[in-house]
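Please read this note with the structure open beside it. It is written for a reader who is new to describing protein models.

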Amino acid sequence: SLRVVSGTFIENVFTKPVNVLKEDRRVDVRVFLNSQGSSSGPLKVTIELRDGNQVLATTTDELPAVGAPQYDFRLTNLRSIQLWDLDRPKLYQVHVRMQSASGLLDEYQTTIGFREAVFREDGFFLNGRHLKLRGLNRHQTYPYVGQAMPARVQRRDALTLKNELKCNVVRTSHYPQSPHFLNACDEIGLLVFEEIPGWQHIGDQQWKDLSVHYVDAMIRRDWNHPSIILWGVRVNESRDDHDFYKRTNELARALDDS
């Protein structure tokens with residue numbers, strides 16, 4: 001696909017539901033802008049939380065001539081929200097519009113779910129309920145075609161894991177996988193442990209720097225998926241490397257502290 005944008009456009013949006021089990025639940029929205037030149041004037045950003053065609057909450061703010069790479073917003077007064085859970089994976093949409101005096105410059109839409117995923121010493125808890133995780137690894141390299149499978153086949157694997165194999169979690173061994181597969185996990189209520197690429201090897205400093213970049217790219221691409229409950233920032237079956245894995249962990253927590 002090819003995306004045609006203006007000189008200033010919305011590069012990414014991170015949506016983080018907060019306090020989802022309480023009455024004061026909210027969504028923190030961080031909008032990342034990319035500007036290839038100076039803006040002709042102030043910009044207006046409007047953010048809506050939608051349930052289909054219904055707008056549940058909205059906020060609008062004017063930005064100065066673009067100078068900062070990111071701006072933070074907050075959607076509040078969210079009282080009639082349904083939680084995302086394994087048996088009722090309710091999804092909502094966050095729609096972001098950016099306008100100048102001359103009209104609409106760009107818009108961006110992403111899907112979110114309201115859920116609390118917590119690991120404690122006594123186990124994993126989803127929305128305050130203890131849940132025993134039962135899962136399998138999933139590769140997406142197919143015979144004869146490798147990873148060149150269409151969306152319908154990527155999605156079918158999610159259905160097979162949940163409905164036929166009775167899993168409630170899947171590990172993407174050992175690389176970030178198709179957005180079509182992750183979208184299906186969001187839609188059917190299948191939890192995901194997503195991993196950076198790698199297998200049984202840690203290379204030199206240049207290799208490590210590239211691997212840290214993979215952590216950044218994976219999380220920025222997939223941070224709005226409610227199905228993802230773990231970022232896998234260690235190379236599969238690799239030896240200990242304290243300084244390297246300190247970097248990958250710190251980056252993951254800086255990008256997504258949820």
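The points below concern nonpolar cores, a small sheet, and aromatic rings.

1. Basis of the note. This is a predicted model, in which local features need pLDDT of at least 70 and side-chain atom pairs count only at pLDDT 80 or more, while totals for chains, interfaces and linings use all residues. Residues are numbered from 1 along each chain as its sequence is written, and side-chain values use heavy atoms, leaving out hydrogens and water.

2. The largest core. A nonpolar core is a set of buried Ala, Val, Leu, Ile, Met, Phe, Trp, Tyr and Cys residues joined through side-chain atoms within 4.5 Å; buried means under 20% relative accessible area (1.4 Å probe, protein chains only), exposed over 50%, and partly exposed in between. The largest such core has 28 residues, and among these Leu 190 and Ile 219 touch the most other members. Two or more residues come from each of α1 (151-164), α2 (179-188), α3 (205-222), β14 (228-232) and α4 (242-255). Here helices (H or I, at least four residues) and strands (E, at least two) are DSSP runs, numbered from the N terminus. The largest share, five residues, belongs to α2.

3. A second core. Separate from the first is a core of 24 residues, including Val 20, Val 45, Tyr 71 and Ile 112. In soluble globular proteins, nonpolar side chains tend to be buried together.

4. A three-stranded sheet. Two strands pair if DSSP finds at least two bridges between them. One open sheet has the order β8-β9-β10 with antiparallel pairing. The edges are β8 (117-120) and β10 (129-131); each has a single partner strand, so one side of each is left without a neighbour in the sheet. Four bridges join β8 to β9 (residues 123-126), and Arg 120 stands opposite Gly 123 in β9.

5. Aromatic pairs. Rings of Phe, Tyr and Trp (its six-membered ring) pair if their centres lie within 6.5 Å; planes under 30 degrees apart count as stacked, over 60 as edge-to-face and the rest as tilted. Six aromatic pairs satisfy this rule. Phe 14 and Trp 223 are stacked, because their ring centres are 4.5 Å apart and their planes are at 25°. Phe 14 lies in strand β1 (residues 8-18) and Trp 223 in the loop between α3 and β14, 209 residues apart. Both residues, Phe 14 and Trp 223, are buried. By contrast, Tyr 92 and Phe 114 are edge-to-face, at 5.5 Å centre to centre and 85° between the planes.
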